[in-house]
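The exercises below are meant to be worked with the sequence and the three-dimensional model side by side. Please try each task before reading its solution.

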Amino acid sequence: MDRKTFESIVIEALDSLPPEFARYLTNVEVRIEARPSREQRRALGLRPWQTIYGLYEGVPLTERTDGDPLIPDVITIFQAPLVRDFPSRDALREEVRRTVLHEIAHFFGISDERLHELDAY
């Protein structure tokens, strides 16, 4: 799948967010990369056979104070593993949306453990 088509699927997922959540994302940059960089993999402690579909990098809203600088948070969606693991367009669209929501949950301060508890992982 070409990048432009994949990008449209990511935009569709972002556009589907309820306005009450989307309004908090004005200082969040959403990127699309082919796969995680070596530095990202190292920082996460990923083994060569492990993969991720998305990554939130920043300071969650729940950990901020009034004096924190407004450096943009970054959500990166990784195209290659998603396209590889979800070959049908409908399955890919569903997983991209799930991944986008998952990374936005981290922006709001929701941990992986809590997402497991909520059966939203």
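**Exercise 1.** Which residues does Val100 touch, not counting residues up to four places away in sequence?

Solution. Taking contact to mean heavy atoms within 4.5 Å, and leaving out residues up to four places away in sequence, one finds that Val100 touches Val10, Ala13, Leu14 and Ile77. The model is a predicted one, in which local features need pLDDT of at least 70 and side-chain atom pairs count only at pLDDT 80 or more, while totals for chains, interfaces and linings use all residues. Residues are numbered from 1 along each chain as its sequence is written, and side-chain values use heavy atoms, with hydrogens and water left out.

**Exercise 2.** Place Val100 in the largest nonpolar core, and state which element gives the most to this core.

Solution. A nonpolar core is a set of buried Ala, Val, Leu, Ile, Met, Phe, Trp, Tyr and Cys residues joined through side-chain atoms within 4.5 Å, where buried means under 20% relative accessible area, exposed over 50%, and partly exposed in between (1.4 Å probe, protein chains only). The largest such core has 18 residues, and Val100 is among those with the most contacts inside it, together with Phe6, Val10, Ile77, Leu82, Leu92 and Val96. At least two residues of this core come from each of α1, β1, β3 and α5, and α5 gives the most, with five residues.

**Exercise 3.** Work out the strand order of the open sheet, and explain why β1 and β2 each have one side without a neighbour.

Solution. Strands (E, at least two residues) and helices (H or I, at least four) are DSSP runs numbered from the N terminus, and two strands pair if DSSP finds at least two bridges between them. The three strands follow the order β1-β3-β2, with mixed pairing. Because β1 (28-33) and β2 (54-57) stand at the edges, each has a single partner strand, and one side of each is left without a neighbour in the sheet. From one strand to the next, the twist averages 15 degrees. Strand β3 (residues 73-78) runs parallel to β1 and is joined to it by six bridges; within this pairing, Ile32 has Ile77 of β3 as its bridge partner.

**Exercise 4.** Describe how helices α1 and α5 lie across the strands.

Solution. Axes are lines fitted to C-alpha atoms, for helices over the stretch in contact, and angles run from 0 to 180 degrees between N-to-C directions. Helix α1 (residues 3-15) lies across β1 and β3 and runs at about 150 degrees to β1, whereas helix α5 (residues 89-107) lies across β1, β2 and β3 and runs at about 20 degrees to β2.

**Exercise 5.** Which residues are joined with Arg93 into one salt-bridge network?

Solution. A salt bridge is a side-chain nitrogen of Lys or Arg within 4 Å of a carboxyl oxygen of Asp or Glu, and the count by this rule is six. Arg93 forms one with Glu12, with the closest N and O atoms 2.8 Å apart, and this pair links Arg93 in helix α5 to Glu12 in helix α1, 81 residues apart. Arg93 also meets Asp90 in a salt bridge (3.8 Å, N to O), and salt bridges that share partners thus join Glu12, Asp90 and Arg93 into one network. Arg93 is partly exposed at 28% relative accessible area, and Asp90 is exposed at 58%.
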